[in-house]
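Let's take a walk through this model together, one stop at a time. Keep the viewer open and follow along.

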Amino acid sequence: MSDAALPLAAAAPARRSSARGESLGVRIALIAVSLLFLLLFLLLPLAAVFVEAGSKGWEAYRAAITEPDALAAIRLTLLVAAIAVPFNIVVGIAAAWAVAKFEFRGKNLLISLIDLPFSVSPVISGLVFVLLFGAQGYFGPWLQAHDIKIVFALPGLILATVFVTFPFVARELIPHMQSLGTADEEAALTLGASPWRVFFRVTLPNVKWSLFYGVLLCNARAMGEFGAVAVVSGKIRGLTNTMPLHIEILYNEYMGAAAFAVASLLAGLALITLALKTFLEWRFGDEIAASRRH
Amino acid sequence: MSVAVTIETIEKRFDSFTALRGVSLDIQPGELVALLGPSGSGKTTLLRLIAGLEQADRGRVLFGEADTQELSLRDRRIGFVFQHYALFKTMNVAENIGFGLRSRPRQERPSESEINKRISDLLELVQLPGLEKRYPSQLSGGQRQRVALARALAIEPRVLLLDEPFGALDAKVRKDLRAWLRDLHGRTGHTTVFVTHDQEEALELADRVAILNDGRIEQVGSADDVYDHPATPFVCEFLGEANKLPVKVVGGQAFFGDRPVLGGITQNQGGPASLYVRPQHLRIVDETPLALPGTVEHLRRNGPLRRAEIAVEGLKRRLDVDLASQVAPAIGERVRLRITHGNLFAAA
Ligand SMILES: Nc1ncnc2c1ncn2[C@@H]1O[C@H](COP(=O)(O)OP(=O)(O)OP(=O)(O)O)[C@@H](O)[C@H]1O
Ligand SMILES: [Mg+2]
């Protein structure tokens with residue numbers, strides 16, 4: 001390198017930082033504030049969960065999560081998620097497809113409706129189902145006459161969970177599908193593909209990462225939902241208690257260590273979700289970026 | 001294999017907006033036709049109607065004798081190349097090209113080995129051998145273009161439709177691909193319709209050019225036809241630069257003011273008219289009859305040509321004159337211009 005190049009090289013970094021418009025001090029302060037916030041509000045509570053969970057030792061931890069009521073809660077949570085999440089995947093894809101690929105009257109209304117579960121308090125989401133299907137509800141007498149139990153039973157839990165977690169998949173997919181337009185689908189159709197083939201080979205692969213994000217978030221929420229589920233559950237131990245409800249009961253009964261033991265499972269789920277997401281972004285980052293850019 | 005396409009008085013409305021107003025066009029089997037027109041003139045809409053991606057409000061499209069109304073998209077067997085290629089991002093080049101063949105119903109589907117053979121043949125044809133495993137994001141614009149074409153050709157289309165095939169490419173690549181496409185068409189002989197708003201591209205490539213304006217076809221003809229004998233002022237101006245002179249036709253001569261500027265007019269017309277003259281059809285001459293005096297106001301270079309802007313008394317706009325091999329006049333010099341060729345349209 002010649003001497004003449006040196007001043008240029010030295011000048012370049014200085015120009016870059018001034019172009020970004022803030023000094024080193026400001027940058028350090030911003031980073032410090034963000035880190036402090038993360039530490040205080042995210043990492044510390046998370047650590048507290050695991051510390052509390054282990055405070056009575058490994059045996060107590062094991063006992064807390066293998067006790068029959070706890071196992072029942074875990075099973076119920078998994079069951080509800082296993083039904084609610086696939087349901088929301090299918091309906092979410094259908095809604096996103098309709099919104100992104102077709103023009104129709106009332107489209108904006110549909111988009112607002114998709115967001116409704118996010119803007120309504122979960123407690124109200126639960127109460128709606130009690131109002132509809134509870135013993136005193138609109139359909140209560142009819143349901144009782146036919147011996148169908150919805151509220152304070154599995155169907156109610158599933159309904160409430162479906163309602164609360166519905167937007168995740170659709171909201172991830174809609175902007176992505178909209179930005180993709182319909183050219184790929186039209187190309188596939190002119191090449192002679194059947195509508196099913198277009199959907200499974202073109203549309204779905206194009207949005208698979210958005211879909212995956214949506215499903216991850218939807219699942220995490222389905223397992224962790226408290227408010228709406230609490231209203232419709234009736235909290236019958238061993239029968240209609242999901243994990244979050246079980247945790248609350250334990251906590252209210254001053255069984256802190258046991259509550260945190262079960263809570264650590266949910267926290268673990270959150271960590272796994274995060275890890276999975278990060279791994280996918282790292283492993284398939286180019287493809288994700290490409291599928292979002294195009 | 002290739003089929004004639006007949007477009008009969010097609011009308012297409014989008015809500016209250018009329019995009020096509022009675023378009024008719026006959027395309028011979030194996031012909032290469034360009035749809036040329038300004039932005040928004042309805043080129044893409046017409047192409048999509050031929051493909052069956054859009055439904056006409058009136059009129060019909062025939063492939064050979066068959067009304068396409070009754071044909072499904074699959075049965076139309078269209079090779080459509082989209083303006084932005086619409087390659088499947090999640091499939092590699094080979095999968096993209098093989099998609100159409102693999103979409104066929106089982107009994108019509110070629111075997112895997114035949115499909116793979118066809119893919120490598122097509123990659124050979126579009127001069128991209130060995131790129132089977134690449135993804136679209138790993139290709140240059142020109143390469144994507146050719147993969148899109150290979151994908152469209154794979155289904156052995158009866159009609160090939162290209163929407164601004166070179167629109168997204170830089171000038172140099174466009175020129176190369178143009179020659180290549182002409183050559184490819186010569187070898188494969190598909191009935192081809194391609195959309196462009198680049199008149200040079202249309203004139204160079206196509207057997208015939210159809211010029212669209214505001215949802216109507218203004219003229220259809222060979223490149224020479226439409227360039228030398230434009231049917232309307234719009235075609236004349238759209239196909240290349242033209243100077244416009246208000247004239248009066250009397251007894252086979254066109255007069256600018258009281259000065260005769262063009263003789264030998266055989267058209268059976270008289271009265272006020274507009275005379276369109278291309279820059280290369282104006283020559284600086286020494287004293288002659290039928291010459292227009294003017295003053296050189298500006299000189300500039302336009303690619304290989306030098307161009308003079310010459311002010312003529314009684315005309316608001318300066319005349320553009322190509323100085324092919326003549327010695328350039330000086331700015332301010334008074335010159336005489338002779339019109340060697342012009343197109344006359346009755347004044348509107
Ligand atoms: N789906 C649609 N809905 C409403 N109007 C449309 C639709 N598609 C096209 N148009 C209108 O029809 C007219 C013709 O459009 P078209 O795309 O055919 O133009 P074009 O000649 O291809 O233009 P360009 O060179 O810009 O691509 C335009 O005015 C456009 O706004
Ligand atoms: Mg267009």
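Leu39(A) is a good place to begin: at 45% relative accessibility it counts as partly exposed, where buried means under 20% relative accessible area, exposed means over 50%, and partly exposed lies in between, with a 1.4 Å probe and protein chains only. This leucine sits in helix H2 of chain A, residues 24–53; helices (H or I, at least four residues) and strands (E, at least two) are DSSP runs, numbered from the N terminus. Leu39(A) also belongs to a nonpolar surface patch whose members include Ile31(A), Phe37(A), Phe41(A) and Leu44(A), with about 1,100 Å² of accessible area together. Patches are made of residues with over 30% relative accessible area and no salt bridge, like charges being joined within 9 Å and nonpolar side chains (Val, Leu, Ile, Met, Phe, Trp, Tyr) within 5 Å. Accessible areas come from the Shrake-Rupley method with a 1.4 Å probe, and for residues only the protein chains shown count as cover.

A word on what you are looking at: this is a predicted model, in which local features need pLDDT of at least 70 and side-chain atom pairs count only at pLDDT 80 or more, while totals for chains, interfaces and linings use all residues. Residues are numbered from 1 along each chain as its sequence is written, chains are lettered from A and ligands numbered from 1 in the order in which they are written, and side-chain values use heavy atoms, with hydrogens and water left out.

Now step back to the two chains. Chain A has 15 helices and zero strands, whereas chain B has nine helices and 20 strands. Of the 294 residues in chain A, 39% count as buried; in chain B, buried residues make up 50% of 348. The accessible surface of chain A is about 16,400 Å², with 71% of it belonging to carbon and sulfur atoms. For chain B the accessible surface is about 16,100 Å², and 47% belongs to carbon and sulfur. The C-alpha atoms of chain B fill a box of roughly 80 × 45 × 35 Å along the principal axes.

Back in chain A, how do helices H3 and H14 cross? The axes of H3 (residues 57–66) and H14 (residues 256–283) come within 9 Å and cross at roughly 75 degrees, the axes being lines fitted to C-alpha atoms, for helices over the stretch in contact, with angles running from 0 to 180 degrees between N-to-C directions. The two helices are therefore roughly perpendicular to each other; angles under 35 degrees count as roughly parallel, over 145 as roughly antiparallel, 65 to 115 as roughly perpendicular and the rest as oblique. Tyr61(A), Ala64(A) and Ile65(A) in H3(A) meet residues of H14(A), among them Ala258(A), Val262(A) and Leu265(A), contact meaning heavy atoms within 4.5 Å.

H3 also holds a salt bridge between Arg62(A) and Glu59(A), with their closest N and O atoms 3.9 Å apart; a salt bridge is a side-chain nitrogen of Lys or Arg within 4 Å of a carboxyl oxygen of Asp or Glu. These partners are three residues apart, about one turn of the helix, and Arg62(A) is partly exposed at 41%. Another pair, Glu225(A) and Arg221(A), meets at 2.9 Å, N to O. Here Glu225(A) is buried, with a relative accessible area of 4%, whereas Arg221(A) is partly exposed at 27%.

Glu253(A) and Arg237(A) form a salt bridge too, at 2.2 Å between the closest N and O atoms. Glu253(A) lies in the loop between H13 (243–252) and H14 and Arg237(A) in the loop between H12 (227–233) and H13, so the pair ties together parts that are 16 residues apart in sequence. In chain B, salt bridges that share partners join Arg174(B), Lys175(B), Arg178(B), Asp198(B), Glu200(B), Glu201(B) and Glu204(B) into one network.

Finally, a look at the backbone. Most residues other than glycine have a negative phi. Asp147(A), however, has a positive phi of about 60 degrees; this aspartate is in the loop between H7 (140–145) and H8 (154–180) of chain A and is exposed, at 72%. Asp214(B) likewise has a positive phi, about 50 degrees, in the loop between strands E9 (208–213) and E10 (216–221) of chain B.
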